[in-house]
Each structure stands twice: as C-alpha cells, then as structure tokens.
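The following exercises concern burial and salt bridges in a protein chain. Each task is followed by a stepwise solution.

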Amino acid sequence: MNRPETAINRFRQRGALSVITPLLLLFVIILTVMALDGARLYSLRSEMQAQVNVAAQAAAGEAQTCGGQAPSSAVVQQRALAAAAAQGFQGDAAALQVQLGVIEDSDNDGVVAFSPVSLIEESNAVLVSHTRTEPISMLLPQSVFGGIDISVNAAVRKEVEATISAAGGTAGVGGDATLLGSLLGVVLNQPGFGLDPTDLNSLENATVQLGDLLSAAGVDDLVELLPLEASTLAAALRDVGGTAAPVADMLDDLVTAQGIETIKVADIISVAENASVPDSSEFPVYDLVISLVLNLAEQQQAGEGGVLSLPLNINNLSIPLIANITAVDLGLNVGEPPTVAVGPARQNADGEWVTSFYAPDLTLQLSTDVELLPINIGGLLSFSLADLTIPLAVNAGGGAGQLVSADCARGTANTVEFGVNLEREVARIVTGTLTSDGELQPEPLEATVGRLTLLSGLLPPIDGILYLNAEVDGLVPGVEETVFMDPRYDLYCDPVDGCDQLRYSDLGDGLSGLDLDVEVNEASLLKSSFGLINLTPLLKPILDPVLALLDDVISNLAQAVINPLLRTLGVGLGGISVNISAANQEGVQLIENIVVAPDQ
C-alpha cells in the first residue's frame with residue numbers, strides 16, 4: 001500500500017528540483033554579477049576619488065595662500081586637470097569641476113565646511129568634484145536595471161602663516177640707546193633710566209616661542225591671554241627672553257613699573273581671523289617690547305597733555321656745520337603703536353588683506369639752540385657764523401603693510417617666498433610744535449647771522465649782521481610698493497639655533513625726496529644794542545645763500561638727530577622696515593566628501 005505513494009513523492013521531489021535548481025542557479029548568477037558590478041563600481045569610485053584627491057592637492061598649491069606672486073584661476077584649473085590625467089582621468093575637462101574657496105579651522109562641533117569664493121585673492125583651498133554616470137551592471141540589460149551617478153569630491157587647504165612686524169629698529173642716537181632709555185624712564189616712572197647699547201644688540205635678533213610665552217603666562221592658548229595685565233606679559237617675556245642679562249633686567253623694570261594698566265594682547269599681537277598659531281611660532285622680543293612700551297606710552301600721554309616729555313641729552317654729536325647743539329625740549333606723541341601680525345597671505349570677503357601690520361605712527365617735537373662755526377681769539381675777536389633757535393616738529397607718517405603673497409614649499413623645496421605690500425605715508429617736518437592732539441603747529445625759527453664781538457668790553461657787540469624770522473615746511477612723499485623678501489624663508493632649519501629672520505629695510509637716511517621750503521617772514525640788518533633795521537624787501541635778492549644754509553642745517557639736524565630717534569622706535573622719515581620672524585606651513589589638509597557651504 002505505501003510503495004506507490006513513495007514513488008509518487010519521489011517523482012514530485014524530482015519535479016520540484018528541476019524547477020528550483022535553475023532558479024537558484026539564476027539567483028546565484030545574478031548575485032555574482034551584482035557582486036562583480038558592486039566591486040567594479042566601488043573600484044571605479046575609489047579610482048575617481050584618487051583622481052580628485054591628487055587634482056585638489058596639485059591645484060591647492062596655486063591658490064592665493066600658496067600661489068606666489070601672480071596666482072591665476074586658469075593655472076589652478078590646469079594643475080588640477082594635469083594631476084587627474086596623470087592619475088588616469090580620461091574624461092572631458094568639463095567633467096572635472098574645480099572651485100576656489102576657503103576652509104577655515106573647524107568649530108568645536110568638528111564640522112569642516114568649504115566656502116566657495118569668486119575671487120582667487122580670497123582662497124586658501126580648492127575643491128575638485130567629479131560625477132560620472134555608469135550602468136548598474138555591465139552584464140545585465142541597462143534598459144532594465146538602469147544607471148547610477150557616482151559623485152566624488154575632495155578639498156585641500158594649503159597655506160603658510162607668517163609672523164610679521166614693522167616695529168624693529170635698533171639704531172641708537174650718537175651710538176647709544178638714549179631715546180629708548182629716556183622713553184622707558186618716562187613709562188616706568190624712573191627718570192634718568194639708562195639703557196646700554198648691548199641691551200639693544202641682545203634684543204635685536206632675540207625671539208620667543210609662543211608655547212614658551214603661554215607657559216610662562218600660565219595659559220593654554222592665545223585667546224586666554226585676552227585681556228592681560230601688562231606686567232604679566234612683561235614677566236612672561238622676561239622669563240623666556242633668553243639668557244642675555246640686559247634683556248632680563250630691562251623686562252624686570254617693565255614688570256615693576258608703577259601705573260601699568262591692563263593691556264590687551266590683541267593691541268600687540270594681531271592674529272588674522274581664524275588663523276591657527278602653533279606653539280612653535282616665534283615672535284621678535286624687541287618688537288614685542290617696543291609695541292608694549294608704545295602702547296603704555298599712548299595710555300600715559302593722555303595725562304601729559306597729549307605729548308610725553310622726554311629728557312634727552314644729545315650733546316657731542318658730530319653734525320656738519322653745527323658746532324654746538326642743545327636740546328631744549330623733546331616731546332613724543334604716539335598716534336598708533338605698532339603690531340606684530342600672524343596670518344596667511346589672502347583677502348577676506350570684504351577684499352581686505354587678513355594679515356596686516358603697522359609701523360608706529362609717531363610725532364616728535366624737538367626744540368634746539370644751534371651755533372654754527374664759532375671763532376674765538378682770546379678776548380680780541382669772537383665770531384659766530386650763525387646762531388639759530390629751531391623748534392622742529394616731525395610727523396614720521398608711520399606706515400602699514402600687508403602680507404599679499406606666499407610661494408609655498410613643495411616637493412623637495414622647503415623654502416617660502418613672501419611678498420609684502422608696503423604703504424609709507426607722507427612724512428612732514430616743520431618748524432613748530434605739537435598740539436595736545438599730536439598735530440603739527442607751525443611756528444617760526446629765529447636765525448642770527450654773523451654775531452661779532454671786537455675787543456670785548458671796549459666796543460659794543462654786534463648781535464647779528466643779519467636777523468631772520470622764517471618758517472620751514474618739508475615733506476617726504478608717501479610711497480606704495482610691493483616687496484618680495486629675499487632670500488626665501490627656510491622652513492626647516494637648525495632646531496637649536498632656529499630659523500633666520502627675514503628683514504627688509506628701506507629707512508636709508510630717511511630724507512630721500514625731502515623737499516624743504518623756507519619762507520622768510522622778516523629780514524633785518526644789524527641786530528645790536530642799537531635795535532633792528534628792517535630791510536626785508538631790499539634783502540630778498542641776497543638771501544639765497546642764507547636760505548641754502550638753513551636748508552642744510554635742518555637737513556643735517558634731521559639726519560643726525562630726528563631720523564635716528566625715530567628709527568630707534570622702528571620708523572624713519574619716509575621709511576619703513578618689515579621683519580618676518582617665523583613661518584609655519586603645516587601638513588596639507590585633505591578632506592574627502594566635504595560639506596560645501598553656501599557661497600560667500
């Protein structure tokens with residue numbers, strides 16, 4: 001009874017297998033094909049990703065922050081396409097989309113976004129995108145399974161950040177550091193403060209690492225330094241300022257100064273927006289000290305009627321034509337203290353260079369009594385070519401600069417060329433004084449030519465053969481120029497000695513282009529006990545030699561006294577200097593499948 005049923009069941013099983021087996025085989029084939037297609041698509045996507053990665057890396061080296069003197073959008077496109085082609089890209093050039101933009105340091109949420117820009121001057125990164133449509137399967141009908149779009153992108157940020165300033169200058173007056181010492185004495189409330197030239201020499205090339213400065217100040221990053229007691233900064237500078245005793249002594253005086261107020265580090269160190277400042281960044285100690293001192297001087301001058309009075313002894317100077325000179329009064333007004341700036345070479349969305357620095361904007365007031373070529377023969381003859389009372393007021397003009405280009409290190413070339421735009425403002429020198437606002441107030445000078453005494457006590461002296469009341473006004477024109485620092489900055493230098501600083505200085509004698517205009521208000525003959533004989537109209541034809549003499553005297557005075565005074569504080573008449581003390585080019589930042597922010 002059971003045998004027929006068993007046979008029937010076997011027959012049914014064989015029938016079921018004959019149907020299921022082909023279906024299973026078909027399913028296995030389909031899975032295999034899908035696996036192969038999946039592997040093919042994955043491999044294709046990886047290949048595309050590698051192409052956009054190398055394209056973005058090559059193109060980022062041509063963006064504004066690394067593209068050198070003349071970055072070009074066309075060059076960015078060419079570099080991206082050439083690098084992708086070398087990696088196997090064979091598509092049409094239009095299929096490779098290249099965008100210039102900005103990648104800034106991420107916020108605390110860790111999200112990094114790429115912001116497209118329309119101008120290459122604003123860029124520090126390049127985004128390369130590629131989309132390709134592929135059939136889902138190479139074996140199965142495309143009409144049934146269709147196609148799929150494969151999209152990849154990669155963004156690369158490449159930039160170098162420099163530490164740059166225009167405050168440095170250690171030229172002393174008459175071979176010493178009189179002005180800086182006098183200024184420190186006023187700021188420190190220590191009249192007669194002395195500063196030896198070796199103090200300046202030890203400061204000139206000294207740098208301090210940010211990490212050491214932060215550690216000495218007891219904070220973790222630059223942001224925590226805002227605000228900061230000036231004494232805290234001075235103490236930190238003292239602690240890390242090197243082994244030179246004069247540096248430590250001078251900074252000790254800053255620390256113990258009376259009346260030092262809270263000062264923001266942002267007034268001294270200007271960090272470009274969103275720029276990272278590695279702990280290894282080096283700052284010039286001299287520039288930091290000068291900036292700190294001038295910031296404090298700016299605070300103090302408000303209580304000094306707008307002008308700080310600086311006692312200064314400038315006797316025994318060797319100045320052509322001038323035998324004796326006495327400084328009656330020296331005043332200083334700080335219009336804008338200098339800054340030390342850190343950042344890259346690019347513009348922001350407003351078209352302004354993000355790394356800008358300032359030379360000190362200073363005005364000086366110097367009243368002097370000058371005697372020219374005196375002759376004294378016993379008591380028989382006493383003669384002086386001229387005696388002048390000259391009140392000089394000088395606006396150095398200051399200046400500003402921006403970091404405008406950087407040709408980054410690449411391959412085996414580990415150096416960077418920096419380009420700096422310098423704006424030297426108009427400098428002015430007049431006979432006059434400073435107002436409480438630091439503005440120049442023209443006033444006349446007095447010149448007595450030919451003071452003569454014969455047989456002293458027997459004959460009345462002639463106080464002057466010629467007497468002049470005149471005004472002098474001179475300008476040094478402002479100049480704007482772009483300077484490329486030479487040599488290039490070496491990123492990888494001796495870890496012990498550190499990197500050599502780059503300095504460009506165009507201070508010269510500070511008088512290039514100086515145009516002095518002398519205008520005579522009054523000319524009189526025979527200034528003596530008998531009075532004055534006013535012959536101004538008649539004397540005009542013979543005044544040229546005298547006016548030429550005045551021109552020479554004031555020019556010599558400016559060159560020998562005024563310009564060194566200003567250069568000690570980092571600026572000269574019509575001149576400016578710039579110093580790059582550190583540069584950091586961190587590893588290239590490559591981001592795959594980056595979020596694209598809305599256009600700026």
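**Exercise 1.** Is D407 buried, partly exposed or exposed, and at what relative accessibility?

*Solution.* The model is a predicted one. Buried means under 20% relative accessible area and exposed means over 50%. D407 has a relative accessibility of 21%, so D407 counts as partly exposed.

**Exercise 2.** Determine which parts of the chain the salt bridge between D407 and R488 ties together.

*Solution.* The side chains of D407 and R488 meet in a salt bridge, with 3.5 Å from N to O. D407 belongs to strand β17 (residues 399-407), whereas R488 sits in the loop between β23 (479-484) and β24 (489-490); the pair therefore links parts 81 residues apart in sequence. R488, at a relative accessible area of 32%, is partly exposed. Salt bridges with shared partners join D407 and R488 with E62, R79 and R410 into one network.

**Exercise 3.** Analyse the salt bridge between E134 and R40 in the same manner.

*Solution.* The closest N and O atoms of this pair are 3.4 Å apart. E134 is located in strand β3 (residues 125-135) and R40 in helix α1 (residues 2-60), so parts separated by 94 residues in sequence are tied together. E134 is buried at 12% relative accessible area, while R40 is partly exposed at 22%.

**Exercise 4.** Place these pairs in the context of the whole chain.

*Solution.* The structure holds ten salt bridges. The chain has eleven helices and 30 strands, and 48% of its 600 residues count as buried. Of the contacts between residues at least 6 apart in sequence, 76% join residues at least 24 apart.

Definitions and conventions
Residues numbered from 1 in each chain as written. Predicted model: local features only at pLDDT ≥ 70, side-chain atom pairs only at ≥ 80, totals over all residues. Heavy atoms only, no water. Helix = DSSP H or I, 4+ residues; strand = E, 2+ residues; numbered from the N terminus. Buried < 20%, exposed > 50% of the residue type's maximum accessible area, 1.4 Å probe, protein only. Contact = heavy atoms within 4.5 Å. Salt bridge = Lys/Arg side-chain N within 4 Å of Asp/Glu carboxyl O.
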